[in-house]
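Please open the structure in a viewer and keep the sequence panel visible. The tour proceeds by selection, one stop at a time.

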Amino acid sequence: MQPSFDLRIRTMNKALADVVLPAIDPDNKAAAEQLQLVIGSLNLMQEQIDYANWYEIADGRSMVAMAEKVAELAGQPLGKELDDAVAVTKDVGTRHNVTLSQIRDANYALRETLCDAISKVLSTVDAETARAISRAVIDLTEDQTSRERAFVAKTGFDVFPDTLKSIRESLEAAPAG
(Lines give C-alpha, C1' and ligand atoms only; values in the text may rest on other atoms or scores of the structure.)
Protein backbone atom coordinates (compact mmCIF):
# COMPACT_ATOMS: atom_id res chain seq x y z
CA MET A 1 0.00 0.00 0.00
CA GLN A 2 1.33 3.40 -0.99
CA PRO A 3 0.82 6.14 1.59
CA SER A 4 -1.49 8.93 0.45
CA PHE A 5 -0.17 12.31 -0.61
CA ASP A 6 -1.90 13.78 2.41
CA LEU A 7 -0.11 11.44 4.80
CA ARG A 8 3.25 12.00 3.14
CA ILE A 9 2.89 15.78 3.27
CA ARG A 10 1.83 15.66 6.94
CA THR A 11 4.84 13.45 7.69
CA MET A 12 7.22 15.85 5.93
CA ASN A 13 5.73 18.81 7.78
CA LYS A 14 6.05 17.05 11.12
CA ALA A 15 9.70 16.16 10.44
CA LEU A 16 10.50 19.71 9.38
CA ALA A 17 8.68 21.33 12.32
CA ASP A 18 9.70 18.86 15.05
CA VAL A 19 13.24 17.91 13.99
CA VAL A 20 14.71 20.33 11.47
CA LEU A 21 13.37 23.66 12.80
CA PRO A 22 14.65 23.12 16.36
CA ALA A 23 18.07 22.15 14.95
CA ILE A 24 18.50 25.47 13.12
CA ASP A 25 20.89 27.90 14.77
CA PRO A 26 18.68 30.61 16.38
CA ASP A 27 20.98 33.26 14.90
CA ASN A 28 20.30 31.95 11.40
CA LYS A 29 17.00 33.77 10.92
CA ALA A 30 17.09 33.36 7.13
CA ALA A 31 17.23 29.56 7.43
CA ALA A 32 14.35 29.52 9.93
CA GLU A 33 12.31 31.83 7.71
CA GLN A 34 12.95 29.68 4.62
CA LEU A 35 11.96 26.55 6.51
CA GLN A 36 8.71 28.19 7.60
CA LEU A 37 8.03 29.04 3.93
CA VAL A 38 8.62 25.41 2.97
CA ILE A 39 6.28 24.21 5.73
CA GLY A 40 3.65 26.74 4.62
CA SER A 41 4.04 25.63 1.00
CA LEU A 42 3.57 21.99 1.97
CA ASN A 43 0.42 22.92 3.90
CA LEU A 44 -0.87 24.75 0.84
CA MET A 45 -0.07 21.78 -1.39
CA GLN A 46 -1.88 19.49 1.04
CA GLU A 47 -5.03 21.56 0.58
CA GLN A 48 -4.62 21.91 -3.20
CA ILE A 49 -3.76 18.33 -4.12
CA ASP A 50 -7.34 17.06 -4.09
CA TYR A 51 -8.36 19.85 -6.44
CA ALA A 52 -5.39 19.99 -8.82
CA ASN A 53 -6.98 17.93 -11.61
CA TRP A 54 -10.35 19.65 -11.26
CA TYR A 55 -8.62 23.05 -11.33
CA GLU A 56 -6.81 22.29 -14.60
CA ILE A 57 -10.00 20.93 -16.19
CA ALA A 58 -11.88 24.08 -15.12
CA ASP A 59 -9.08 26.24 -16.50
CA GLY A 60 -9.25 24.49 -19.86
CA ARG A 61 -13.04 24.70 -20.02
CA SER A 62 -12.88 28.39 -19.21
CA MET A 63 -10.49 29.03 -22.09
CA VAL A 64 -12.61 26.92 -24.46
CA ALA A 65 -15.62 29.02 -23.44
CA MET A 66 -13.61 32.18 -24.07
CA ALA A 67 -12.53 30.98 -27.53
CA GLU A 68 -16.13 30.16 -28.42
CA LYS A 69 -17.42 33.51 -27.11
CA VAL A 70 -14.78 35.52 -28.97
CA ALA A 71 -15.50 33.67 -32.24
CA GLU A 72 -19.23 34.28 -31.75
CA LEU A 73 -18.75 37.99 -31.04
CA ALA A 74 -16.29 38.39 -33.91
CA GLY A 75 -18.67 36.61 -36.26
CA GLN A 76 -15.79 34.71 -37.75
CA PRO A 77 -13.67 31.62 -37.10
CA LEU A 78 -10.48 32.30 -35.20
CA GLY A 79 -8.34 29.91 -37.22
CA LYS A 80 -7.34 26.28 -37.54
CA GLU A 81 -4.53 26.55 -34.99
CA LEU A 82 -6.98 27.70 -32.31
CA ASP A 83 -9.55 25.10 -33.36
CA ASP A 84 -6.88 22.42 -32.98
CA ALA A 85 -5.82 23.72 -29.54
CA VAL A 86 -9.46 23.80 -28.42
CA ALA A 87 -9.96 20.22 -29.64
CA VAL A 88 -6.88 18.99 -27.74
CA THR A 89 -7.97 20.75 -24.54
CA LYS A 90 -11.47 19.32 -24.80
CA ASP A 91 -10.04 15.86 -25.45
CA VAL A 92 -7.64 15.75 -22.51
CA GLY A 93 -10.34 17.22 -20.29
CA THR A 94 -12.61 14.24 -20.87
CA ARG A 95 -10.18 11.34 -20.77
CA HIS A 96 -9.20 9.36 -17.71
CA ASN A 97 -5.81 8.26 -19.00
CA VAL A 98 -3.99 11.59 -19.10
CA THR A 99 -1.66 13.07 -16.55
CA LEU A 100 -2.13 16.36 -14.82
CA SER A 101 0.86 17.76 -16.72
CA GLN A 102 -0.70 16.74 -20.05
CA ILE A 103 -3.85 18.65 -19.14
CA ARG A 104 -1.77 21.64 -18.01
CA ASP A 105 0.32 21.55 -21.21
CA ALA A 106 -2.82 21.52 -23.36
CA ASN A 107 -4.16 24.47 -21.36
CA TYR A 108 -0.93 26.44 -21.81
CA ALA A 109 -0.95 25.78 -25.54
CA LEU A 110 -4.59 26.86 -25.78
CA ARG A 111 -3.94 30.00 -23.73
CA GLU A 112 -1.05 31.02 -25.96
CA THR A 113 -2.95 30.31 -29.18
CA LEU A 114 -6.05 32.06 -27.85
CA CYS A 115 -4.06 35.19 -26.96
CA ASP A 116 -2.63 35.31 -30.47
CA ALA A 117 -6.05 34.75 -32.04
CA ILE A 118 -7.67 37.48 -29.93
CA SER A 119 -4.91 39.94 -30.86
CA LYS A 120 -5.43 39.18 -34.54
CA VAL A 121 -9.21 39.36 -34.47
CA LEU A 122 -9.22 42.66 -32.55
CA SER A 123 -7.35 44.23 -35.46
CA THR A 124 -9.98 43.07 -37.96
CA VAL A 125 -13.26 44.03 -36.25
CA ASP A 126 -15.03 47.34 -35.73
CA ALA A 127 -14.67 49.30 -32.47
CA GLU A 128 -17.99 48.14 -31.03
CA THR A 129 -17.18 44.48 -31.61
CA ALA A 130 -13.68 44.99 -30.21
CA ARG A 131 -15.20 46.46 -27.02
CA ALA A 132 -17.61 43.52 -26.73
CA ILE A 133 -14.77 41.03 -27.16
CA SER A 134 -12.64 42.89 -24.62
CA ARG A 135 -15.54 42.89 -22.13
CA ALA A 136 -16.06 39.14 -22.61
CA VAL A 137 -12.36 38.49 -22.08
CA ILE A 138 -12.37 40.59 -18.90
CA ASP A 139 -15.46 38.78 -17.57
CA LEU A 140 -13.99 35.34 -18.21
CA THR A 141 -10.63 36.45 -16.81
CA GLU A 142 -12.34 37.62 -13.61
CA ASP A 143 -13.75 34.10 -13.17
CA GLN A 144 -10.29 32.61 -13.70
CA THR A 145 -8.75 35.06 -11.24
CA SER A 146 -11.39 34.09 -8.68
CA ARG A 147 -10.34 30.44 -9.02
CA GLU A 148 -6.66 31.36 -8.77
CA ARG A 149 -7.27 33.45 -5.65
CA ALA A 150 -9.23 30.62 -4.02
CA PHE A 151 -6.50 28.14 -4.85
CA VAL A 152 -3.87 30.13 -2.94
CA ALA A 153 -6.09 31.72 -0.28
CA LYS A 154 -4.29 29.97 2.58
CA THR A 155 -1.15 32.01 1.89
CA GLY A 156 -2.94 34.90 3.58
CA PHE A 157 -1.75 37.41 0.99
CA ASP A 158 -5.09 38.22 -0.63
CA VAL A 159 -6.00 41.91 -0.35
CA PHE A 160 -9.72 41.17 -0.24
CA PRO A 161 -9.95 37.93 1.79
CA ASP A 162 -13.61 38.49 2.65
CA THR A 163 -14.49 38.14 -1.05
CA LEU A 164 -12.77 34.78 -1.47
CA LYS A 165 -14.67 31.64 -2.33
CA SER A 166 -13.49 28.23 -1.20
CA ILE A 167 -11.58 26.20 -3.76
CA ARG A 168 -14.61 23.95 -4.18
CA GLU A 169 -17.01 26.87 -4.68
CA SER A 170 -14.75 28.50 -7.24
CA LEU A 171 -14.40 25.29 -9.20
CA GLU A 172 -18.13 24.56 -9.08
CA ALA A 173 -18.71 28.00 -10.63
CA ALA A 174 -16.45 27.18 -13.61
CA PRO A 175 -17.94 26.45 -17.03
CA ALA A 176 -19.29 22.91 -17.37
CA GLY A 177 -17.89 20.62 -20.02
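The stops below visit a helix, then aromatic rings, then charged side chains. The model is a predicted one, and residues are numbered from 1 along each chain.

**First stop: helix α1**

Select residues 5–23, which form helix α1. This helix has 19 residues and reaches 26 Å from its first C-alpha to its last, close to the 27 Å expected at 1.5 Å a residue. Next, centre the view on leucine 16, where α1 bends by about 35 degrees.

Which residues of α1 are buried? Ile9, Asn13 and Leu16 are; display their side chains. Leu16 is thus listed among the buried residues and is also the site of the bend. Now add residues 29–48 to the selection: this is α2, against which the buried residues of α1 pack.

**Second stop: the aromatic pairs**

Hide the previous selection and turn to the rings. How many aromatic pairs does the structure hold? There are 2. To see one of them, select tyrosine 51 and tryptophan 54, whose rings lie 6.1 Å apart from centre to centre, with 35 degrees between the planes. The pair is described as tilted, because planes under 30 degrees apart would count as stacked and those over 60 as edge-to-face. With the surface switched on, the two partners can be compared with their computed accessibility. Tyrosine 51 has 18% relative accessibility and therefore counts as buried, whereas tryptophan 54, at 31%, counts as partly exposed.

Continue to tyrosine 55 and phenylalanine 151. The ring centres of tyrosine 55 and phenylalanine 151 are 4.5 Å apart and their planes meet at 35 degrees, so this pair too is tilted. Where in the chain do the partners of this pair lie? Tyrosine 55 belongs to helix α3 (residues 52–74) and phenylalanine 151 to helix α6 (residues 127–151). The two are 96 residues apart, and the pair links distant parts of the chain. Are these partners buried or exposed? Tyrosine 55 is buried, with 12% relative accessibility, and phenylalanine 151 is buried as well, its relative accessible area being 12%.

**Third stop: the salt bridges**

Show the charged side chains next; the count comes to 13 salt bridges. Three of the places to examine follow.

Remain in helix α3 and select lysine 69 and glutamate 72, which are joined by a salt bridge of 3.8 Å, N to O. Both residues lie in α3, 3 residues apart, about one turn of the helix. In an α-helix, residues three or four places apart point the same way, because there are 3.6 residues a turn. Lysine 69 is partly exposed at 34% relative accessibility, while glutamate 72 counts as exposed at 56%.

Move on to arginine 95 and aspartate 91. Their side chains meet in a salt bridge of 2.7 Å, N to O. Arginine 95 is partly exposed, with a relative accessible area of 35%, and aspartate 91 is partly exposed at 34%.

Finish with arginine 135 and glutamate 142, a salt bridge in which the closest N and O atoms are 3.9 Å apart. Arginine 135 counts as partly exposed at 43% relative accessibility, and glutamate 142 is likewise partly exposed, at 47%. Then add Asp139 to the selection: Arg135, Asp139 and Glu142 are linked in a network of salt bridges.

Key: Predicted model: local features only at pLDDT ≥ 70, side-chain atom pairs only at ≥ 80, totals over all residues. Heavy atoms only, no water. Phe/Tyr/Trp six-rings, centres within 6.5 Å; stacked < 30°, edge-to-face > 60°. Buried < 20%, exposed > 50% of the residue type's maximum accessible area, 1.4 Å probe, protein only. Helix = DSSP H or I, 4+ residues; strand = E, 2+ residues; numbered from the N terminus. Salt bridge = Lys/Arg side-chain N within 4 Å of Asp/Glu carboxyl O. Expected span 1.5 Å × (residues − 1). Bend = angle between axes of the 7 residues up to and from the residue. Contact = heavy atoms within 4.5 Å.
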